[in-house]
Each structure stands twice: as structure tokens, then as C-alpha cells.
Amino acid sequence: MPHDHGQAHAHMDPASGDRRVSLAIWANALLTVAQILGGILSGSLALIADALHNFSDMASLVIAFAARKIARRPADARMTFGYGRIEIVAALINYTTLILVGVYLIYEGGMRMIDPPEVAGWTVVILGGVALAVDTLTAGLTWSMQKDSVNIRALFLHNLSDALASVAVIIGGTLIILYDLRWVDPAITIVIALYILYLALAEIGGPIRTLMLGSPPDIDSGAVIAAMRRVDGVEDVHHVHLWQMQEHVAALDCHVVLTDDGWTRMEAVKAELKDALEAGFGIDHSSLEFESIHNAHQDADLFGHDSGQGKAARPVSEPTWES
């Protein structure tokens, strides 16, 4: 069914969002330093693993902060679609970083399982508690922002996984204090890493799809075509391209075959098509090329634009398009 893009998102003031991200950057930077030092002094790989994850969060926050700034630039001659897609790129970088961190931690955890080192349990528990507080703060700062931004959502998932990892670190430190179970520390490291990989792999497909000019996942392409075909005066459509210019901006271009009646009132048909696209699917950027039913492309592909097919049956000099 058509997705209703007409409902407005509750967007946070950009300056307020920037302040939240900036605060989260500083909090994660201080936590990373404390955890690395604590992990070295205590001998805890789980603590260092959590620190590396927090460091990746800090780097992700910096990338996201820069992307938010760049994305607000207006379109220009060099970037005619604007700079909004930089946030999609930032999200892809952040998810890729998560995957690399997860793979590294699994390797290190496996090595530690073979020969578990001595671990200072109290240091692990204390710093794990501090990390949990910072991770919860950062997740709270980005909670309302992540609903409307894949860039911020990547950050939120970073910090949510951090908070859960910190709980696991605290549990591991407690078990070391009570029962001297040194193997628990690398075991928890591996569990944290697997969870990191799960989150990253589950979310990375969205940014990849957008950058590959895939159709918006919340818009049914078949429903869009059906709605266009129902417009009075439209015989058919082909060479359909539906993609996302930015995270919340869908676009469409296609060829529209008009009946004889539709050809005589082309402007009215165009207006009705654009109204149907915007009202039903939130597509407010559409480029439509019109063809008469008598001179339409033959055997044209419904999607895409294969130059080897769809030969026009009309004279080249005949004007046939509007956008």
C-alpha cells in the first residue's frame, strides 16, 4: 500500500541537536581514555573491548557531527542535489567501523580464551559502571534524534550496544571477584563482539540501498505505477526510476504514454500526476517525459533505461516531453 509521507516529522532544532552530539563526543572521549587505562592496569580485555567500542562511538559522533553541518549546505553547481546524502555516507562509515571492531574483538577474545590472564575485578566493575552511566547518557541524548536520521540512528545503536556491553562487563568483573573465573572476561568480549556484528549487519543495508539509488523501502513501486496509470489520460508508463535523493526526499522520473485526449491536455494530466505522487507517496520531486500513444517507445522496460531497447516510433523532431 502507498506510504503516507504527508505526515510531518517532529524535527529537532539543528543547533540543539548539535549541542547534544557535541556533549556526547566529550563524554565518550573521556570514558574511552579512562577505560583504556583501566583495562591496561587491570588486565581486562573486556574493558579494553568496551573502550574500543566507545572509541568507535566517539569517532562516529565526530563523523556524524561533521555530516550534520555539511548536509545543511544548499545545492550548488557542484552538488546540484545538495549535500544531504553526506549523512548516509557517514552512517555507512559508522556501521563499517562497527563490523571491523566486532571482528577484531572476536579474534582477541579467542586468543584470551586459550590462555586467560589475571584480571583485577574491582577495577573492571567500577569502570564498567562509569561506562554504563556515560553510554546511557549518550543514548538518551540521541534517542529523539535517531527517529528521523539514519546517521544519528547509527550513533544510537552504537551507544545502545555499549550500554549493554557495559552491563556484561560489570557482570564479568563480579564473577571474577567472587569466583576467579578468568575465562569469563574473554567470553564476554566475544559475546559483545557478536552483538556488535548483529547490530551493524542488520542496519547497514539501508545506507547501502540508498547509495545504490535503490527505491525507498517504505514506498511500494508497484503502487506508485498503479496510481499513475489510474490518472485519466494516461495509457501507460515505462522507464521508471524511483530513488532517494536524500534520506527523507524521494524522487521519480519516468516516461508517460498519453492517450489522444491526454495529449491535448498535457498540462492538466501532468498536474494530476504530480498531485497523486505527492499526496499518496510523498514524492514531491518528479520529472515526467510524455509520449503520444501513437509515437510511444516500443517494448520499453518498465524499470530502468536500457538504451538497447525501447526504440521510439516517432520522428526525432517531434516535441514530446514536459518536466
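The legends below describe close-up views of one predicted model.

**View 1. Overall chain: 10 helices and three strands.**
The predicted chain has 323 residues, and 46% of them are buried. Along the sequence, its elements run α-α-α-α-α-α-α-α-β-β-α-α-β. Take the contacts between residues at least 6 apart in sequence: 75% of these join residues at least 24 apart. The chain exposes about 15700 Å². Carbon and sulfur atoms supply 64% of that area.

**View 2. Helix α6, residues 184–203.**
Helix α6 has 20 residues. From first C-alpha to last, the helix reaches 29 Å. That is close to the 28 Å expected at 1.5 Å a residue. Several residues at the start of the listed range are buried, including V184, D185, P186, A187, I188 and T189. Further along α6, I192, A193, I196, L197, L199 and A200 are buried too.

**View 3. D180, in the loop between α5 and α6.**
Helix α5 covers residues 150–179, and D180 lies in the loop that separates it from α6. Phi of D180 is near 55°. The value is positive, in a residue other than glycine. D180 has a relative accessible area of 48%. The cut-off for exposed is over 50%, and buried means under 20%. D180 is therefore classed as partly exposed.

**View 4. L213, in the loop between α7 and α8.**
The flanking helices are α7 (205–211) and α8 (221–229). L213 sits in the loop between them. Its phi is about 60°. This is again a positive phi in a residue that is not a glycine.

**View 5. The second largest pocket, with a volume of about 230 Å³.**
The lining of this pocket has 13 residues. Closest to the pocket centre are M79, F81, G82, Y83 and R85. Strand β1 (residues 234–246) gives the largest share of the lining, three residues. By type, the lining divides into eight nonpolar, four polar and one charged.

**View 6. Two loop residues with positive phi, D180 and L213.**
For D180, phi is near 55°; for L213, phi is about 60°. The loop that holds D180 runs between α5 and α6. The loop that holds L213 runs between α7 and α8. Helix α6 itself spans residues 184–203, and V184 and D185 are among its buried residues.

Methods. Residues numbered from 1 in each chain as written. Predicted model: local features only at pLDDT ≥ 70, side-chain atom pairs only at ≥ 80, totals over all residues. Heavy atoms only, no water. Helix = DSSP H or I, 4+ residues; strand = E, 2+ residues; numbered from the N terminus. Expected span 1.5 Å × (residues − 1). Buried < 20%, exposed > 50% of the residue type's maximum accessible area, 1.4 Å probe, protein only. 1 Å grid on protein atoms, 1.4 Å probe; cavity = no way out; pocket = protein on both sides within 12 Å on 5 of 7 lines; lining within 4 Å. Points joined across faces, edges and corners; volume = space filled by probe spheres on them. Nonpolar A, V, L, I, M, F, W, Y, C, P; charged D, E, K, R; others polar. Contact = heavy atoms within 4.5 Å. Areas by Shrake-Rupley, 256 points an atom, 1.4 Å probe, with all protein chains shown as cover.
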